[in-house]
Amino acid sequence: MSNQDEDAEILALRHQITVLERQLGRDRVRFAPSDRVFLAALLHRLPRGVLRRARLLVRPDTVLHWHRDLVSRRHAARSRPKRAGRPRTVRSIRVLVLRLARKNPGLSVAT
């Protein structure tokens, strides 16, 4: 295991201890969303073998699931359109439609 892997594991263990101390007396440990993000970002780089040997409060698959959620939410936020609603019609098409409407005043559009 590299020093970087060991440092990540130590940080994850320390963070889990902090979560446990906050919840002392509860039956089941519940991670806050910020705790999940922290652990997912910290541990997703570890190889699966190292992740499976680490003493975690959750299964390694759960940590990887949290990381997939983190990435998908980030992608969804970035790909969201900047403006709501239908995009504007291109100016050249708008000009063409108005010109055709002026040249053919007797035609009506069926609805």
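Modeller: Before we start, a working rule: buried means under 20% relative accessible area, exposed means over 50%, and partly exposed is what falls in between. Keep in mind that this is a predicted model.

Biologist: Fine. Why is Arg-36 called partly exposed?

Modeller: Its relative accessible area is 39%. Partly exposed covers the range between 20% and 50%, so Arg-36 gets that label. You'll find Arg-36 in helix H2, residues 33–43.

Biologist: And what makes Arg-73 exposed?

Modeller: Arg-73 has a relative accessible area of 63%. The cut-off for exposed is over 50%, so Arg-73 counts as exposed. Arg-73 sits in helix H4.

Biologist: Which residues form the positive surface patch?

Modeller: Arg-28, Arg-30, Arg-36 and Arg-73. A patch takes residues with over 30% relative accessible area and no salt bridge. Arg-36 at 39% clears that bar, and Arg-73 at 63% does too.

Biologist: Is Leu-20 buried, partly exposed or exposed, and how do you know?

Modeller: Partly exposed: Leu-20 comes in at 34% relative accessibility, so it belongs in the middle class. Leu-20 is part of helix H1, and together with Val-29 and Leu-57 it makes a nonpolar surface patch of about 210 Å².

Biologist: Let's turn to the rings. How many aromatic pairs does the structure hold?

Modeller: One. The partners are Phe-31 and Trp-66, whose ring centres are 5.4 Å apart; the limit for a pair is 6.5 Å.

Biologist: Why is that pair called edge-to-face?

Modeller: The planes of Phe-31 and Trp-66 meet at 65°. Anything over 60 degrees counts as edge-to-face, so this pair earns the name.

Biologist: What parts of the chain does the pair link?

Modeller: Distant ones: Phe-31 is in the loop between helix H1 (3–22) and H2, Trp-66 is in helix H4 (residues 60–79), and the two are 35 residues apart. Phe-31 and Trp-66 are both buried.

Biologist: What makes Leu-51 buried?

Modeller: Leu-51 has 1% relative accessibility, and buried means under 20%, so Leu-51 qualifies. Its place is in helix H3, residues 48–53.

Biologist: How far from Leu-51 is the C-alpha atom of Asp-61?

Modeller: The two C-alpha atoms are 9.2 Å apart, with these positions 10 residues apart along the chain. For Leu-51 and Asp-5, the C-alpha separation is 9.6 Å, although they are 46 residues apart along the chain.

Biologist: Last one: why does Asp-61 count as partly exposed?

Modeller: Asp-61, in helix H4, shows 36% relative accessibility. That value is neither under 20% nor over 50%, so partly exposed is the class for Asp-61.

Methods:
Residues numbered from 1 in each chain as written. Predicted model: local features only at pLDDT ≥ 70, side-chain atom pairs only at ≥ 80, totals over all residues. Heavy atoms only, no water. Patch = residues over 30% accessible without salt bridge, like charges linked within 9 Å, V, L, I, M, F, W, Y side chains within 5 Å. Areas by Shrake-Rupley, 256 points an atom, 1.4 Å probe, with all protein chains shown as cover. Salt bridge = Lys/Arg side-chain N within 4 Å of Asp/Glu carboxyl O. Lys, Arg positive; Asp, Glu negative; His and termini not counted. Charge placed at Lys NZ, Arg CZ, Asp CG, Glu CD. Helix = DSSP H or I, 4+ residues; strand = E, 2+ residues; numbered from the N terminus. Buried < 20%, exposed > 50% of the residue type's maximum accessible area, 1.4 Å probe, protein only. Phe/Tyr/Trp six-rings, centres within 6.5 Å; stacked < 30°, edge-to-face > 60°.
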